[in-house]
Structure formats: C-alpha cells, structure tokens
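Reader: I am new to this structure and would like a close look at a single part, the aromatic rings. Please take me through them slowly and with care, and then set them against the whole.

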Amino acid sequence: MTTNGGFEPVFCTIVPPHVLDRLAQAEDPALAGPARRTLQRDAYERTQRRLTTVVGAAAVAPLAGAEPGKPHRTIHDARHRTVLPGAKVRGEGAESGKDATVNRAYAGLGATFELFLKAFSRDSIDGSGLPLVATVHYERDYNNAFWNGEQMVFGDGDGEIFLDFTLPVDVIGHELAHGVTQYTANLAYFGQSGALNESVSDVFGSLIKQYTLGQTAADADWLIGAGLLAPRVTGVALRSMKEPGTAYDDDVLGKDPQPATMDDYVRTGRDNGGVHINSGIPNHAFYLVATALGGNAWERAGQVWYDVLTGGELVADAQFKDFATLTVKAARERFGEGEELLAVSKAWERVGVGVL
C-alpha cells in the first residue's frame, strides 16, 4: 500500500543513464564495453519491472519468528550472472565471511534499518518489518546498483571508472530509500516528481552515512557516492548536495550537470525528464536547511523531510513547489514558529522554489 493508493514500484539506479551514455561513447573499449552492457542490462531490468507492475508482484512474506524492530537481512551472490536473487551466502545473525562485498552489503542494510528505526521509528522500509534482500557480484563489470521494487542489487564496477558499489554506505541507503518512497508517497518517476524521488533517496542516503559515521551537518561532506569513482577519474563522487554540479569534471565522464537552483533547471526528455539531474535543486535545499540548523541533520531537517514523505499529503505527481510548501507546513507543525521554519523557508527561497 501507498498513501496515494497505487503500488507502483519502479526500477531505480544510482548511476544516471547520462553518465553511462557518455561512457558508452568512449574510444577505449575497456570503458565503452562495460557501460554498453550495463545500459543494456538496465533496459532489460527496467522492462521487467514494468511487466511486474502490470502483472503484479508477489508479496514479500514476513520471516517466521521474525522479531519486530529487528533487521531481517539476506545476502545473495549472483556469481557474475543475472539470475536473481542468486545463491544465499549470509543470513541474519550469521558471522561475517571472507567476501568483503558480502560483509559491506550486510552492514549497509543494517545501517539503513537502524537509521530509520532509531531516528524515525520506522520498522524497515515498509514500516512493518519488511525483510531486506540484496544480491552482490551481479553480472561482470556491471557499473550500477539498483532497487527493483523488491530487493537491492550491486555490481562490482569495471575497475576503470567505478569500483565496487557496496563501498559507499550512502549508495546502499539511497537505493533502499527508494523502497521507503515506494511504500509511502510513491512519487512518480518522471520530471519534477521523479527528481524529488531521487532527491529523497540522496537525502536519506546522506543521513545514513552521517549517522553511521557519527557526523554532524557541519562535519559531513554531503557527497553521494564518495569512494565509488576509480583513481583515474577526475572527481570525488556522483553528486554533491553542498555544491551541485561540482562532483566530477572528467575527460571521459564530462562535467557534473546538476543545477543548484531553478535558474539552471535542465529541461530534457532523457533520464525520465532529468530525474538524476534536477534532483540537485531539492538536494541543495536540504543541505541549506541542515547546515543552517546545525547538529545532527536527522534530528530536525530529516524529521521535516520524513514527515512530508510519510504524511499522506504528498501527491504522486508532486512538483518542487508542492514539496516545498509541505516542508514549510511540516516544520511549523513539528517545531512551531522557530528557527526550523525560518531555515526551511529561506532554503527554498535560495534555490528559487516558491512556496504555494
């Protein structure tokens, strides 16, 4: 169920199509080959997700004897194939093994579960203890990670541009947060509502990273995917919430196209109307709120964003103005006429999004 009455899980990847498109045109086959195969695989998985949505996916059954308020994680190994979920390699409570990728995936699922439980009193991504399933070592040189509406999937990267996708905990958190959106506001994955969908995942991915590292808003780097880019790449991450458009500037990848304000809003028919590009605007608004308030970002700024996502008033095709208006309302209802309300209002003003 969702607050908008339509359960429509979507296929969401961490690496935007425009990045892979650029790589696919590289003269070096070591760069172009993996990017092309990743694009082909993503297209297939996206189609499968649409078919599943039409036909209907089987409900994920609760685990027998599962305790409320405790994570229920299962990690599978695709062994460089594409059949999901693959072979089970670690279950809840099992000791860590020799495969660092498996261990990171297990820990990342746990970190995500803990942030939502401790900070937002949410029991797993659906709020009802949904088991968390992940598959690692998907395909060969697969340059992405995705949430397919039912589980997480991680590629190992090609080693040339991207490293193992379990390395940044915010990538794991980002993708699982798509599941939270799926079970709550169910934001349509196109245009501004799609950019909000991506932004919400960046917000909670960043909060999970900050919570795990014990960072305040001032301490955080506000980067999404730091540590994911290989040494040859001129860049620090996939996206920057602090300074959208500055995450990378590379001769192969090109320049980070994210805008920070509506003055530079990108109108495009690609990437579902630029969902991974224009998400920089609400991302920057959240950064401005969190840093203006200081302290732990999940305690005030994060609460406002979570209230909007789960409050039942955010419609599936919401535009930036709709979301901004609801954050102002949520800040007032939770914190009154204080600095939180002022910080939220000023942040949207600075990024050029008006409040209705």
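Author: A charge is said to sit over a ring if NZ of Lys or CZ of Arg is within 6 Å of the ring centre and within 35 degrees of the ring normal. The model is predicted, and local features need pLDDT of at least 70, side-chain atom pairs count only at pLDDT 80 or more, while totals for chains, interfaces and linings use all residues. Residues are numbered from 1 along each chain as its sequence is written, and side-chain values use heavy atoms, with hydrogens and water left out.

With that in hand, tyrosine 106 is a good place to begin. The charged end of arginine 73 sits over the ring of tyrosine 106, at 3.7 Å from the ring centre, and the charged end of arginine 90 also sits over the ring of tyrosine 106, at 3.6 Å from the centre.

Turning to rings that meet other rings, the structure holds 18 aromatic pairs (rings of Phe, Tyr and Trp, the last by its six-membered ring, with centres within 6.5 Å; planes under 30 degrees apart count as stacked, over 60 as edge-to-face and the rest as tilted). One of these joins phenylalanine 116 and phenylalanine 120, whose ring centres are 5.9 Å apart and whose planes stand at 45°, so the pair is tilted. Both residues belong to helix α3, residues 100-120, where they are four residues apart, about one turn of the helix (helices are DSSP runs of H or I of at least four residues and strands are runs of E of at least two, numbered from the N terminus). Phenylalanine 116 and phenylalanine 120 are both buried (under 20% relative accessible area, with exposed over 50% and partly exposed in between, for a 1.4 Å probe and protein chains only).

Phenylalanine 120 has a further partner in tyrosine 306: their ring centres lie 4.7 Å apart with the planes at 20°, so this pair is stacked. Because phenylalanine 120 lies in helix α3 and tyrosine 306 in helix α8, residues 301-310, the pair ties together parts that are 186 residues apart in sequence. Phenylalanine 120 counts as buried at 7% relative accessibility, and tyrosine 306 counts as buried at 9%.

Elsewhere, ring pairs link Trp222, Phe286, Tyr287, Trp305, Phe323 and Trp348 into a cluster.

Setting these rings against the whole, the protein has 10 helices and 10 strands, and buried residues make up 57% of its 356 residues. Of the contacts with a separation of 6 or more, 64% are between residues 24 or more positions apart (a contact means heavy atoms within 4.5 Å). For 356 residues a compact globule would have a radius of gyration near 21 Å, and the 19 Å of the protein agrees with this (taken over C-alpha atoms, the rule being 2.2 Å times the number of residues to the power 0.38). The C-alpha trace spans about 55 × 55 × 40 Å along its principal axes.

The UniProt record, in an unreviewed entry, places the feature "domain: Peptidase M4" at residues 100-182, with the caution that annotations may be inferred rather than shown by experiment. Over residues 100-182 the chain is 42% helix and 17% strand, and the end C-alpha atoms are 29 Å apart.
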